[in-house]
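The exercises below work through a single protein chain, each with a task and a solution that goes step by step. Please look at the sequence and the structure before starting.

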Amino acid sequence: MKGIHFLVAFVLLALSSSFAFAFDPSPLQDFCVAINDPKSGLNIPGNTSNQVGSNVTLINVDKIPGLNTLGISIARIDFSPYGGLNPPHIHPRATEILVVVEGTLYVGFVTSNPNRLITKVLNAGDVFVFPIGLIHFQFNIGNTNAVAIAGLSSQNPGVITIANAVFGSIPPINPDVLAKAFQLDKNVVNYLQKQFWVNNH
């Protein structure tokens, strides 16, 4: 009798665990509806007349609700001639694949410990991947405008621009913390915290 109780308990446990681990990895909707707003497409160049000389036009779930559950977003990045920079930043929830549409970009990311810099010069048609959560950047080294398109593996990839987060946070991080962390004079930290940190997104 104990054998039958054990068998019944085992079968019930097996069946209940199969229900517990059953899920549908597919999206919960069939299609994505484009928005009817010609001003929010990626055909419009972004304004790069700012301190960093770049502009990111992100199309995510906030702009196209139909992206909900699809796990993707896309961005157009415009760069002013030589010196346009998409400053060092991370996407906490997405890997990024970048394709250069026009111009020449110097791009790179920093690996986790040990902090190794991986860089490449990209021309039109070249592709580069920035792994999720790693600090990365793009810099226009050409004498003309540059444009890139980035695909991101999240409907809401998030962005944390490193300089803005460290020196422009509200309220500010204690200058003693930053002076020690960056091995800088506290006056330099105070100066950096008083700057206007551009958000190019």
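**Exercise 1. Locate proline 171 and describe the peptide bond before it.**

Solution. Proline 171 sits in the loop between helix 2 and helix 3, where helices (H or I, at least four residues) and strands (E, at least two) are DSSP runs numbered from the N terminus. The peptide bond that leads from isoleucine 170 to proline 171 is cis, with omega near -5°. A cis bond also joins asparagine 113 to proline 114, with omega near 0°, and proline 114 belongs to the loop between strand 5 and strand 6 (117-122). As background, most residues other than glycine have a negative phi, and most peptide bonds are trans.

The model is predicted: local features need pLDDT of at least 70, side-chain atom pairs count only at pLDDT 80 or more, and totals for chains, interfaces and linings use all residues. Residues are numbered from 1 along each chain as its sequence is written, and side-chain values use heavy atoms, with hydrogens and water left out.

**Exercise 2. State what the confidence values say about the chain.**

Solution. The average pLDDT of the chain (the predictor's confidence in each residue, from 0 to 100) is 87, and 80% of the residues score at least 70. Over residues 19-24, however, the pLDDT is below 50, and beyond near neighbours in sequence this stretch has zero contacts in the model, a contact being heavy atoms within 4.5 Å. Where pLDDT is low, the predicted coordinates should not be read in detail.

**Exercise 3. Describe the largest nonpolar core and the elements that build it.**

Solution. A nonpolar core is a set of buried Ala, Val, Leu, Ile, Met, Phe, Trp, Tyr and Cys residues joined through side-chain atoms within 4.5 Å; buried means under 20% relative accessible area, exposed over 50% and partly exposed in between, with a 1.4 Å probe and protein chains only. The largest core has 18 residues, of which Leu98, Leu105 and Val107 touch the most other members. Two or more residues each come from strand 2 (73-79), strand 4 (96-102), strand 5 (105-110), strand 7 (127-130) and strand 9 (146-152), and strand 9 supplies the largest share, four residues. Another core, of six residues, lies apart from this one and includes Val166, Phe167, Leu178 and Ala179.

**Exercise 4. Classify the ring pair of tyrosine 82 and phenylalanine 139, and then that of phenylalanine 167 and phenylalanine 182.**

Solution. Rings of Phe, Tyr and Trp (its six-membered ring) pair if their centres lie within 6.5 Å, and planes under 30 degrees apart count as stacked, over 60 as edge-to-face and the rest as tilted. The count by this rule is five aromatic pairs. For tyrosine 82 and phenylalanine 139 the centres are 5.7 Å apart and the planes stand at 80°, so the pair is edge-to-face. Tyrosine 82 lies in the loop between strand 2 and strand 3 (85-90) and phenylalanine 139 in strand 8 (residues 136-140), so the pair ties together parts that are 57 residues apart in sequence. Tyrosine 82 is exposed at 53% relative accessible area, whereas phenylalanine 139 is partly exposed at 21%.

Phenylalanine 167 and phenylalanine 182 form a tilted pair, with 5.5 Å centre to centre and 35° between the planes. This pair links helix 2 (residues 162-167) with helix 3 (residues 175-182), its two residues being 15 apart. Phenylalanine 167 is buried at 9% relative accessible area, while phenylalanine 182 is partly exposed at 42%.
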